[in-house]
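I opened a fresh notebook page for this one. The plan is to go through strands, single residues and charge pairs in turn.

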Amino acid sequence: MTYNVLLHGATGETGREILDGLIEDGSFTIAALVRPQSVEKPATKALEKRSVKILVGDLANQTVDEIAALLDGYETVISAVAAGAQLDQLKLVDAAAKAGTKRFVPCGFTTISPPGGVMSLLRGDKEQVHERIWYHHLPYTIIDTGYWYQISFPRLPSGKVDYAMLGDHNTFVGNGDAPNLLIDKRDIGRLTARIIKDTRTLNKRVFLHAEVLTQDDIWAIIQGKSGEKVETKHASHDELVAKMHAARANLEANPSDTMARVAVWTAEYDVSKYVQRDNTPENARYLGYLDTKELYPDFRPITFTAFIDELLADKARKLYQDQFEFLHK
Ligand SMILES: NC(=O)c1ccc[n+]([C@@H]2O[C@H](COP(=O)([O-])OP(=O)(O)OC[C@H]3O[C@@H](n4cnc5c(N)ncnc54)[C@H](OP(=O)(O)O)[C@@H]3O)[C@@H](O)[C@H]2O)c1
């Protein structure tokens with residue numbers, strides 16, 4: 001059986017993994033919804049070479065009827081849109097309801113946290129999209145994931161892993177004993193391909209992860225594998241919470257400042273993961289999520305130690321480079 005899937009955000013960090021997962025699975029005909037200003041991007045051109053049909057759509061300026069016409073014929077719509085563009089999905093949801101989409105996968109793909117919790121900015125936007133789905137009685141699957149391995153490792157003093165570093169991850173929070181769901185981002189696509197073919201996941205939240213590790217575990221693995229001692233900074237829970245409040249105040253004073261927004265996302269993730277301890281399998285089950293480890297017991301995810309081996313062998317990839325290069329051309 002072949003399924004027609006429309007992917008929104010196919011050129012992004014999450015979207016590229018979903019695209020790879022769908023292609024590897026082999027049972028999907030895939031189209032990508034691309035903004036007019038992104039049609040000439042090398043990453044968009046590369047989609048065509050992989051037999052992905054490009055549908056140009058402008059959620060900001062086109063009507064719901066125009067977007068619904070683009071969605072016609074696609075049973076499944078998946079959004080993996082940039083964190084700052086979550087509310088663009090409201091029109092996509094309206095259009096999917098109009099087009100009779102059989103399963104809408106909104107842009108979840110984030111860590112486990114409760115609606116109304118400390119992740120007020122990112123989770124708050126995502127929950128608005130969920131409410132719009134439920135308003136329309138639109139069939140859906142919400143997929144959330146562990147925090148990516150690719151942004152979970154600390155810097156080594158030799159500089160050996162700098163080539164793949166994004167941000168500063170050398171701050172040890174409290175005793176470093178908060179457990180967190182983690183995943184190699186490449187497994188997100190493989191699991192998403194399974195989830196969207198599975199009737200058990202319709203109208204459900206699903207979480208996917210490979211491992212549950214503390215910072216203490218991560219330090220032990222990378223130090224053991226590299227033979228280097230991580231230069232560790234320390235932060236208390238109170239310091240993290242104060243940083244989050246300061247970041248929120250700064251964004252309130254500078255609402256169009258992208259970096260201020262990024263600082264709030266980062267600070268809220270930190271408090272959610274390390275202070276609230278939201279991002280755990282127990283909390284996911286408490287919030288009603290299905291667990292892909294139970295749904296697909298045969299699936300063998302990439303382990304954190306395997307990822308660290310790749311990282312130390314210079315085989316990892318720095319994230320968001322394509323977008324960065326395009327912006328700075
Ligand atoms: N679990 C984790 O550790 C983790 C880490 C990072 C992110 N995430 C989650 O993953 C989700 C996707 O984030 P990402 O970082 O993968 O996305 P990203 O790389 O920033 O993806 C950008 C994609 O969004 C598309 N897009 C459409 N409208 C846009 C707009 N108005 N502004 C900017 N881009 C727009 C872009 O398409 P064009 O081709 O049209 O430019 C591009 O394909 C986020 O919701 C975030 O919560 C999770």
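Which residues of strand S9 point one way, which the other, and are they buried or exposed? I looked along residues 180–183: Asn180 and Leu182 point to one side, Leu181 and Ile183 to the other, and all are buried. In a regular strand, side chains alternate between the two faces of the sheet. I note here that the model is predicted.

**Entry: partners of S9**

I checked what S9 pairs with. Strand S7 (residues 147–148) runs parallel to S9, joined by two bridges. Trp148 stands opposite Ile183 there. Strand S11 (residues 211–213) is joined to S9 by three bridges, and this pair runs antiparallel. Asn180 faces Leu213 in S11. So I have both senses on file, which fits the general rule that strands pair through backbone hydrogen bonds, either parallel or antiparallel.

**Entry: the annotated stretch**

I looked up the record next. UniProt, in an unreviewed entry, places "domain: NmrA-like" at residues 3–321. I took the composition over that range: 41% helix and 16% strand. The C-alpha atoms at its two ends are 31 Å apart.

**Entry: the five-stranded sheet**

I traced the strand order. An open sheet of five strands reads S3-S2-S1-S4-S5, with parallel pairing. Strand S3 (53–56) and strand S5 (103–105) are the edges, each pairing on one side only. Neighbouring strands of this sheet are turned by 20° against each other on average, direction ignored.

Then I went pair by pair.

- S1 (residues 3–8) and S2 (residues 28–34) pair in the parallel sense over six bridges. His8 has Leu33 as its bridge partner in S2.
- S1 and S4 run parallel and are joined by four bridges. Val5 stands opposite Thr76 in S4.
- S4 and S5 run parallel and are joined by three bridges. Ile78 has Val105 as its bridge partner in S5.

I checked whether S4 is open on either face. Strand S4 (residues 76–79) is covered on both: Thr76 and Ile78 on one side, Val77 and Ser79 on the other, all buried.

**Entry: Lys126**

I wanted the surroundings of this lysine. Lys126 is found in helix H5 (residues 122–136). Which side chain of opposite charge is nearest to Lys126, and how far away? I found Asp144, at 6.0 Å. A salt bridge needs a side-chain nitrogen within 4 Å of a carboxyl oxygen, so that distance falls outside the cut-off. Lys126 is buried and has no salt bridge. I listed its contacts, leaving aside neighbours within four places in sequence: Gln86, Cys107, Gly108 and Thr110.

**Entry: His237**

His237 is found in helix H8 (residues 237–253). I read its relative accessibility as 31%, so His237 counts as partly exposed. Its contacts, not counting residues up to four places away in sequence, are Val173, Gly174, Tyr274 and Val275. I also took one C-alpha separation: His237 and Val271 are 34 residues apart along the chain, and their C-alpha atoms are separated by 7.7 Å.

**Entry: charge pairs**

Side chains of opposite charge can pair when their charged atoms come close. I counted 24 salt bridges in the structure. I picked three for a closer look.

The side chains of Arg190 and Asp187 meet at 2.8 Å, N to O. Why are they about one helical turn apart? Because they sit three residues apart in helix H6 (residues 186–195). Arg190 counts as partly exposed because its relative accessibility is 29%. Asp187 is at 1%, so it counts as buried.

Asp298 and Arg194 also form a salt bridge, at 3.0 Å, N to O. This pair links distant parts of the chain: Asp298 lies in the loop between helix H11 (292–295) and helix H12 (304–312), Arg194 in helix H6, 104 residues apart. Arg194 has 26% relative accessibility, so I logged it as partly exposed.

Asp198 and Arg200 make the third salt bridge on my list, at 2.8 Å, N to O. Asp198 counts as buried at 10% relative accessibility. Arg200 counts as partly exposed at 44%. I also noted a network: salt bridges that share partners join Glu13, Glu17, Lys185 and Arg317.

Notes:
Residues are numbered from 1 along each chain as its sequence is written. This is a predicted model: local features need pLDDT of at least 70, side-chain atom pairs count only at pLDDT 80 or more; totals for chains, interfaces and linings use all residues. Side-chain values use heavy atoms; hydrogens and water are left out. UniProt positions are given in the numbering used here, feature names are shortened, and annotations may be inferred rather than shown by experiment. Two strands pair if DSSP finds at least two bridges between them. Axes are lines fitted to C-alpha atoms, for helices over the stretch in contact, and angles run from 0 to 180 degrees between N-to-C directions. Buried means under 20% relative accessible area, exposed over 50%, partly exposed in between (1.4 Å probe, protein chains only). Lys and Arg count as positive and Asp and Glu as negative; His and the chain ends are not counted. Contact means heavy atoms within 4.5 Å.
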